[in-house]
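Please read the following report alongside the sequence and the three-dimensional structure. It works from the confidence of the coordinates towards single residues.

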Amino acid sequence: MLNSSKAFSGFSVNDIPKAKQFYGETLGLEVKEQNEMLVLHLGSGARVLVYPKPNHTPASFTILNFPVADVERTVRALKERGVRFQIYRDGPYKTDDQGVFRGEGPTIAWFTDPAGNVLSVLEADGPY
């Protein structure tokens, strides 16, 4: 029934101007402003709606994954743009001092947007 629908994903932030700067300038995505919301245009052709929510609570899971050829190089480049990567010392996904996890599954590093939502860069050796 919905297999031909052009579905899209969305998530909330608490500050649209900060989100626009982060996703557009820091991450380098194409960002369009529309009806006081943002539309992120991803390299895959997908679009993601970013909407304001005054009582926003950051997602406790990864909302966007960016497959890249080299996680370490991407982490270095994003750090130069001011992105701070999550360092996990406890739990099943311990990262190194740069925020990179190497273990079962893809090499991956997590970071947050200005609203606290979790994003990742992961090595593109999987089905994604």
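The report below takes up confidence, the sheet, the nonpolar cores and then a few individual residues.

**Confidence**

The model is a predicted one, and its chain has a mean pLDDT of 93, with 97% of the residues reaching 70 or more. When the elements of the chain are ranked by mean pLDDT, α1 stands highest at 98 and β6 lowest at 94. As a general caution, the predicted coordinates should not be read in detail where pLDDT is low.

**The sheet and its helix**

Four strands make up an open sheet of mixed pairing, and their order across it is β5-β8-β7-β6. At the edges stand β5 and β6, each of which pairs on one side only. The pairing of β6 with β7 is antiparallel and runs over two bridges, and Phe101 has Ile108 of β7 as its bridge partner. Helix α2 packs on this sheet and touches β5, β6, β7 and β8, while its direction makes about 140 degrees with that of β8.

**The nonpolar cores**

The largest nonpolar core holds 30 residues, and those touching the most other members are Phe11, Tyr23, Leu27, Leu40, Leu64, Phe111 and Val121. Two or more residues are given to this core by each of the strands β1 (9-13), β3 (37-41), β4 (47-52), β5 (62-68), β7 (108-112) and β8 (118-123), and likewise by the helices α1 and α2 (71-80). Another core, of five residues, lies apart from it and has among its members Ile108, Trp110, Val118 and Leu122. In soluble globular proteins, nonpolar side chains tend to be buried together.

Phe11 can serve to show the surroundings of one core member. With residues up to four places away in sequence set aside, Phe11 touches Tyr23, Leu40, Val48, Leu49, Val50, Tyr51, Ile63 and Leu64, and also Asp113 and Asn117.

**Buried and exposed positions**

Four further residues, set side by side in the table, are described by their place in the chain and their relative accessible area.

| Residue | Place | Relative accessible area |
|---|---|---|
| Thr26 | helix α1 (residues 16-26) | 8%, buried |
| Asn35 | loop between β2 (30-34) and β3 | 64%, exposed |
| Glu36 | loop between β2 and β3 | 66%, exposed |
| Arg84 | loop between α2 and β6 (100-101) | 72%, exposed |

Is Thr26 buried or exposed? Thr26 counts as buried because its relative accessible area, at 8%, falls under the 20% limit. Leaving aside neighbours within four places in sequence, the residues in contact with Thr26 are Gln21, Leu78, Arg81 and Val83.

Arg84, by contrast in the table, has a relative accessible area of 72% and is therefore classed as exposed, the limit being over 50%. Beyond its neighbours within four places in sequence, Arg84 is nevertheless in contact with Phe111 and Thr112. Between the C-alpha atoms of Arg84 and Phe66, which are 18 residues apart along the chain, the separation is 16 Å.

In the loop between β2 and β3, the backbone of Asn35 has a phi near 55 degrees, which is a positive value in a residue other than glycine. Glu36 also has a positive phi, near 65 degrees, and is likewise a residue other than glycine. Asn35 is exposed at 64% relative accessibility, and Glu36 is exposed with a relative accessible area of 66%.

Technical notes
Residues are numbered from 1 along each chain as its sequence is written. This is a predicted model: local features need pLDDT of at least 70, side-chain atom pairs count only at pLDDT 80 or more; totals for chains, interfaces and linings use all residues. Side-chain values use heavy atoms; hydrogens and water are left out. Buried means under 20% relative accessible area, exposed over 50%, partly exposed in between (1.4 Å probe, protein chains only). Contact means heavy atoms within 4.5 Å. A nonpolar core is a set of buried Ala, Val, Leu, Ile, Met, Phe, Trp, Tyr and Cys residues joined through side-chain atoms within 4.5 Å. Two strands pair if DSSP finds at least two bridges between them. Axes are lines fitted to C-alpha atoms, for helices over the stretch in contact, and angles run from 0 to 180 degrees between N-to-C directions. pLDDT is the predictor's confidence in each residue, from 0 to 100.
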